[in-house]
Amino acid sequence: MSMDDTVRAAIPAELSGMVRSAKFADGIATIIADASGLGRSAAAQLQSELEQAVGAVPEVSEVRVALMADKVERRIIAVGSGKGGVGKSTLTTNLAVALANAGRKVGVVDADVYGPSQPLLFGTQNEKHRAEGQTLIPTETEFGVKLLSMGQLIEPGRAIAWRGPMVGQALGQLIEADWGDVDTLLVDLPPGTGDVQLTMLQKFKPAGALIVSTPQDLALIDATRAMDLFRQGEVPIIGLVENMSGYICPHCGETSNPFGHGGTESAAQGLGVPFLGRVPLDMAIRVASDTGQPPAANDLPQGQPFAAIAEQLSAWLDRSA
Ligand SMILES: Nc1ncnc2c1ncn2[C@@H]1O[C@H](COP(=O)(O)OP(=O)(O)OP(=O)(O)O)[C@@H](O)[C@H]1O
């Protein structure tokens, strides 16, 4: 057996699939391994396990491990709205879960400084974010989606006092975290066109933006303003989503239209952007969301509108790859 083979044989079976080459010369073992898709901490663990295993070979006085990684191409999708309370966060959570169910590697950045609600929606509000040095480690939710939230960087109630540069810095920490193999990062923006939106356009330009509105004229005017900002920043508008479109009565199942109906679809037509679909105002969506059980995670009828919109988003991601 050559010394190269001896070094290779010392590598534990579960790691050998990642090892691209193992060489030995002058007491030094040089291992090249493929760490594609591993997060920073998993890659560090791979390195130390290789060093230990190969270092145990008596002839080896030094182990040099080089880790290669395919750079994950990660696209940012901004989810915005003109005004608050239209269901932007609920949509973000459920689209993320539906995309993950369809096999994508999905992360959510909760950049809503003024009302960070993703930890509640994913049921992770009792978990603290971890960090390695300056790098945040996203929380693994039980729905196969990774999550980082402004809510865990800021004390509740302090957000209002935040100025532009602080917001920009915090957003940078969230977006440049250790996302590992995540290829699609949905960013839940605060409503309107403020500091977070500007920082996103200047520093972390999204691949596309999705805008949520309710059917009323007022909400639509605000949504148009939000869309204009992305257009000015040359971010493609993936489409408009109408939320709270039609109320499903929990008693009789009949649908009524407290906020009107179809306004978003005709606004989308008028603005020349795709209409991606509507989600009804359904108490079951609110109840499931408040208990950290996104409707899209379960095979419930309430999950279907989200799954249909996620399919369109997925098709857009494929087309623009
Ligand atoms: N389709 C729906 N049916 C029933 N309730 C909904 C629906 N969409 C959202 N909600 C509820 O409306 C409230 C506001 O939703 P959400 O937090 O997602 O809005 P938002 O636009 O992100 O608001 P903000 O900007 O204030 O964070 C929540 O209580 C949520 O559960």
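How many helices and strands does the secondary structure of the protein come to? The count is 11 helices and 14 strands, where helices (H or I, at least four residues) and strands (E, at least two) are DSSP runs numbered from the N terminus. This is a predicted model, in which local features need pLDDT of at least 70 and side-chain atom pairs count only at pLDDT 80 or more, while totals for chains, interfaces and linings use all residues. Residues are numbered from 1 along each chain as its sequence is written.

**View 1. Overall layout and the two domains of the protein.** The C-alpha atoms fill a box of roughly 80 × 45 × 40 Å along the principal axes. Domain 1 covers 3-68 and domain 2 covers 75-319; these bounds come from an automatic or database domain assignment. Their C-alpha centres lie 42 Å apart. Five residues from domain 1 and six residues from domain 2 make up the contact, two residues being in contact if their C-beta atoms, placed from the backbone, lie within 7 Å. On the domain 1 side, the touching residues are one nonpolar, three polar and one charged. Here Ala, Val, Leu, Ile, Met, Phe, Trp, Tyr, Cys and Pro count as nonpolar, Asp, Glu, Lys and Arg as charged, and the others, Gly among them, as polar.

**View 2. The open sheet S1-S2-S3.** Three strands form this sheet, with mixed pairing; two strands pair if DSSP finds at least two bridges between them. Strand S1 (19-25) and strand S3 (62-68) are the edge strands, each pairing on one side only. Neighbouring strands are turned by 15° against each other on average, direction ignored. Strand S2 (residues 28-34) runs antiparallel to S1, and six bridges join them. Ala-33 in S2 is the bridge partner of Val-19. Helix H3 (residues 40-55) packs on the sheet and touches S2 and S3, its direction making about 150° with that of S3. Axes are lines fitted to C-alpha atoms, for helices over the stretch in contact, and angles run from 0 to 180 degrees between N-to-C directions.

**View 3. Helix H4 (residues 88-101).** The end C-alpha atoms of this 14-residue helix are 20 Å apart, which agrees with the 20 Å expected at 1.5 Å a residue; the expected span is 1.5 Å times one less than the number of residues. Of its 14 residues, 13 are buried, so H4 is largely enclosed by the rest of the structure. A residue is buried if 20 or more other C-beta atoms, placed from the backbone, lie within 10 Å of its own. Just after H4, Gly-103 takes a positive phi of about 100°.

**View 4. Strand S10 (residues 184-188) and its pairing partners.** Five of the five residues of S10 are buried, so the strand is largely enclosed by the rest of the structure. Thr-184, Leu-186 and Asp-188 lie on one side, and Leu-185 and Val-187 on the other. Strand S4 (residues 75-81) pairs with S10 in the parallel sense over five bridges, and Leu-185 is the bridge partner of Ile-76. S5 and S10 also pair in the parallel sense over five bridges, with Asp-110 opposite Asp-188.

**View 5. Surroundings of Val-108 in strand S5 (residues 106-110).** Val-108 counts as buried because it has 31 C-beta neighbours inside 10 Å. Leaving aside neighbours within four places in sequence, the contacts of Val-108 include Thr-92, Thr-93, Ala-96, Leu-186 and Asp-188. Gln-202 is 94 residues from Val-108 along the chain, and their C-alpha atoms are separated by 20 Å.

Notes: A residue is buried if 20 or more other C-beta atoms lie within 10 Å of its own, exposed if 12 or fewer, and partly exposed in between; C-beta atoms are placed from the backbone.
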